[in-house]
Amino acid sequence: MSSFVEVWDRSGRELRTLDAERVTVGTLETNDLVVDGDGVSRVHAVLERFGDSWCVRDLGSRNGTFVNGDRIIGERVLHAGDEISLGRLRVRFHGPPRGTETAAIAQPPPLTARERDVLVALCRPLLTGDAFTEPASIKGIAAELVVSEAAVKQHLSRLYDKFDIPAADERRRVRLANAAVTRGAVKPGDLRTGN
């Protein structure tokens with residue numbers, strides 16, 4: 001069975017087959033899936049296929065992307081019947097049944113309280129939801145936690161090891177932030193100031 005989406009916009013209901021590896025969604029005519037809905041950005045989100053599975057990722061839209069009512073940060077794996085909300089636009093995903101899921105993502109490694117503080121500070125910029133948002137810099141983390149940059153570097157070094165981020169990776173902070181969110185070490189509620 002091929003995957004498809006059911007789009008409910010101002011013009012009514014439309015079924016669209018997902019026949020590419022990557023499908024951009026938005027109001028611009030250059031998108032793969034052009035939609036007309038209140039609160040939808042010009043290039044709002046992207047649907048991507050990974051093997052037999054599909055994921056959705058927000059591309060810095062003003063009003064966010066939601067799956068089954070939950071705002072997504074990063075990517076979200078889609079399951080048959082999931083409802084994606086882009087502004088006031090509704091999109092229902094139809095794909096392989098839930099029985100084809102892979103094993104659960106690894107649990108986060110044990111963290112000290114300070115390592116967790118560093119991870120939360122690192123990931124806090126992701127809460128803005130802007131496209132291609134970079135995690136906090138070492139200097140930014142140091143300022144937020146009122147510690148030296150050397151102390152932050154030392155904590156990050158241990159965190160890279162705990163999350164198996166290779167030393168040769170040029171985008172280690174980005175990979176660490178993604179791993180922290182994906183594995184549940186940092187949750188969206190943790191990123192709000194004051195938590």
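## Two helices that cross

Helices α2 and α3 are roughly perpendicular to each other, because their angle of about 110° falls in the range of 65 to 115 degrees that counts as such. This is a predicted model, so everything described here is computed from that prediction. Helix α2 covers residues 138–145, helix α3 covers residues 149–162, and their axes lie 9 Å apart.

Which residues make the contact between α2 and α3? On the α2 side they are Ile138, Lys139, Ile141 and Ala142, and α3 brings Glu149, Val152, Lys153 and Leu156. Sorted by character, the residues of this contact include five nonpolar and three charged ones, with no polar residue.

## The buried side of helix α1

Now turn to helix α1, which spans residues 113–123. Its buried residues are Glu115, Val118, Leu119, Val120, Ala121, Leu122 and Cys123. What do the buried residues of α1 pack against? Their partners are α2, α3 and α4, the last of these being residues 172–182.

A general point is handy when you look at any helix: an α-helix has 3.6 residues a turn, so residues three or four places apart point the same way.

## A strand with two partners

Let's move on to strand β1, residues 4–9. It runs antiparallel to strand β2, residues 12–17, and six bridges join the two. A hairpin of two residues links β1 to β2. To find one matching pair, look for valine 5, which stands opposite arginine 16 in β2.

Strand β1 also pairs with strand β11, residues 89–94, through five bridges, again in the antiparallel sense. Here valine 7 has valine 91 of β11 as its bridge partner.

Note on methods: Residues numbered from 1 in each chain as written. Predicted model: local features only at pLDDT ≥ 70, side-chain atom pairs only at ≥ 80, totals over all residues. Heavy atoms only, no water. Axes fitted to C-alpha atoms, helices over the stretch in contact; angles between N-to-C directions. Helix = DSSP H or I, 4+ residues; strand = E, 2+ residues; numbered from the N terminus. Parallel < 35°, antiparallel > 145°, perpendicular 65-115°, else oblique. Contact = heavy atoms within 4.5 Å. Nonpolar A, V, L, I, M, F, W, Y, C, P; charged D, E, K, R; others polar. Pairing = 2+ DSSP bridges. Buried < 20%, exposed > 50% of the residue type's maximum accessible area, 1.4 Å probe, protein only.
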